[in-house]
Amino acid sequence: MSWIALRMLVGDTAKYLGMIFGVAFSVLLITQQSSIFLGLLQRSAAAVVEVRDADIWVMDPRVQFIDGARGLPDTALQRVRGVPGVAWAAPHLRTTTTIATAGVELTAATLVGVDDASLAGLPAQLSHGTREALSAPGAVMLNGSGWTFLFKDRPFEPGLELELNDSRAVVVGLLDTSQTLSQQVQIYARYGTALSFAPGGRNRLSFVLAKAAPGEDPRAVAQRIQDVTGLKALSREEFRDATQRYIIFNTGIPQSFASVVTLGVVVGIVVVALTFSLFIRDNARQFGALRAIGVSGWQLAGMVMLQGAVVGVVGYAIGLGMATWLVETSAQNVLAFQGFFVPWQVAALSAAIVVLIIAWAGLGGLRRVLKLDPAAVFRG
Amino acid sequence: MPMSATTPSAVVCRGLVKEFTDGSQTLQVLRGIDTTFAAGQLSLLVGPSGCGKTTLISIIAGTLSATQGEVCVFGQELTRMKRAELVRFRRQTVGFIFQQYNLLPTLTAAENACVALAAAGMARRPALERASDMLHRLGLGDHLGKLPSQLSGGQQQRVAIARALVHGPRLVVCDEPTAALDAKTGHTVMELLREAAVAQDRACIVVTHDNRIFDLADRIVHMEDGHVIDPPAGSGIGSAQ
């Protein structure tokens, strides 16, 4: 009976396409919006994740996420270095500044200061320049997308000068880093140089980065730092999670995306359930005739489930394809979407929601079909 | 009184009562039907609207259960069958022809005609071959690939006949098969039905108001107010024509 079920389904072109559209649109909304949300969530903690040389972040006890740092006294660095199990500790500055340069409007940027000697805290991948170049007076490096944001298609020019808070900075390289949630442009400099760019204040040390000694568990060392210094110390993964949690629970971003995803689910259920219901109603006499002829309830249920499965699979494939194309194309062509992609978990979530939509619509249709009285076809 | 499984009759009804309940009201549609339909005959079931013809044929075909009484079709007692057994009975023993044809609009004539075979589990290709043979016999060999919307009323009814007969049922039940057809086409359809459905070990029961086809019946059963009644004197109905 499966081929009859399929012919009944595809033969009613308008309803078939309507149901496919409902599922595809729903999958498109859910997948695209969820992927962008996860991309933003990843960005929020990118600055933590991409500091690979340190595995412990030390901060003021009240700090909740990376862009909410509060200055530490300079003595904090020495106190952390004195904790057993700490291989090394380095200062890390993270603050907001403004950039001015010829032909570019004033732009806010994140200024990151990394250890003067070891450059600990500097992302590992460079696309232009060398790490050593950062030793020059006033030397800074930009993130690649920050360069594009400022200078569009202009090729990288070593030695280009920037004005940071009335100080002269010279761009000596580009770093291959992810964008962050807060600013498009990130400027990296040695700690001492960065302090000269940053507005003055008594405590300007944002974080202390530390490395656990070989054989030591970073989480255990972080706990020890907390116990000894009274500062907050988290492993890289813990600080990444804390930052993402902050974004989830303290900004309206998840609610905004969740409302669109919910809309996608509702649209999917309403469009598919209504159309499927119409499809069953319009074919009620035919289904009734099939029951009279001797098609069993199980066979009819199988037909309806097959029809639902086909709508689900085709709609899902189209919706996922469109969403993937949209996200990938945006990531390649729009700076704000750079680095975004469709994770398999999102694809799986969309698939689960399609199953929910089809089950909702199919059960309604199935109930109607199974309640059909075979004798009704004789009653005209 | 239990019925013998070896009765020569195709259909035996004994004390058949059917009541429909609507809220607190109970409507008795069949009021104790005792009748038989013989094998090898085309029987017409006639009577005014609301007399219980369709209810009786629905019970005989196994799509409706009786409130009281017994129905035996080719030795199978329907009133004692479970739901799954009734489905199997309908699939194997009964062919249905409806007033409105009830063809699946998105299936071709050949595909519609093989639905009963598909329901019985036959693969698509052999089912289509058998259905095509049946349509050839009914004069629709040139219309196998047409959709119902591309066929005339008479042609659609012939497809419905093919669908009803393709699996070789012993009992064919028809509900007003000529109601939507003109006189000539209706007569042609009934002749085809008689030729294809009536044989020594088979029977065909037709519910109809259409007195233009009375001449094709072997027996005419007259119903009124839920009873099978003796034919009115001089009416010319009630016996083999």
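**Close-up views of a predicted two-chain model**

**View 1. The outward face of helix 7 of chain B.** The face of helix 7 of chain B that is turned away from its buried side carries four exposed residues to look for: Ala183(B), Lys184(B), Glu191(B) and Glu195(B). Please keep in mind that everything shown here comes from a predicted model. Within chain B, helix 7 (residues 183-197) is the element with the lowest mean pLDDT, 78.

**View 2. The buried face of helix 7 of chain B.** Turn to the other side of this helix and you meet its buried residues: Gly186(B), Val189(B), Met190(B), Leu193(B), Ala196(B) and Ala197(B). Looking down the helix axis, these buried residues fall within an arc of 135 degrees, so they line one face of helix 7 of chain B. A handy rule helps here: an α-helix has 3.6 residues a turn, so residues three or four places apart point the same way. The partners that the buried residues pack against are helix 5 (124-137), helix 6 (153-165), strand 7 (171-175) and strand 8 (203-207) of chain B.

**View 3. Helix 7 of chain B from end to end.** With 15 residues at 1.5 Å a residue, helix 7 of chain B should span 21 Å. Its end C-alpha atoms are 21 Å apart, which agrees with that expectation.

**View 4. Where chain A meets chain B.** Here 23 residues of chain A are in contact with 24 residues of chain B. On the chain A side, helix 1 (2-11) and helix 10 (284-293) each supply at least two residues. Helix 10 of chain A gives the largest share, six residues. By class, the chain A side divides into 13 nonpolar, six polar and four charged residues. For the complex, the predictor gives an ipTM of 0.78 and a pTM of 0.76.

**View 5. The two domains of chain A.** Chain A is divided into domain 1 (2-44 + 252-378) and domain 2 (73-230). The C-alpha centres of these two domains of chain A lie 48 Å apart. Their contact takes six residues from domain 1 of chain A and seven from domain 2 of chain A. On the domain 1 side, the touching residues are two nonpolar, three polar and one charged.

**View 6. Confidence along chain B.** Chain B averages a pLDDT of 84, and 92% of its residues score at least 70. Among its elements, helix 3 (residues 109-113) of chain B has the highest mean pLDDT, 93. Take care with residues 1-7 of chain B, where pLDDT stays under 50. Residues 233-241 of chain B also have a pLDDT below 50.

Technical notes. Residues are numbered from 1 along each chain as its sequence is written. Chains are lettered from A and ligands numbered from 1 in the order in which they are written. This is a predicted model: local features need pLDDT of at least 70, side-chain atom pairs count only at pLDDT 80 or more; totals for chains, interfaces and linings use all residues. Two residues are in contact if their C-beta atoms, placed from the backbone, lie within 7 Å. Ala, Val, Leu, Ile, Met, Phe, Trp, Tyr, Cys and Pro count as nonpolar, Asp, Glu, Lys and Arg as charged, and the others, Gly among them, as polar. pLDDT is the predictor's confidence in each residue, from 0 to 100. The expected span of a helix is 1.5 Å times one less than its number of residues. A residue is buried if 20 or more other C-beta atoms lie within 10 Å of its own, exposed if 12 or fewer, and partly exposed in between; C-beta atoms are placed from the backbone. The arc is that of the directions from the helix axis to the C-beta atoms. Domain bounds come from an automatic or database domain assignment.
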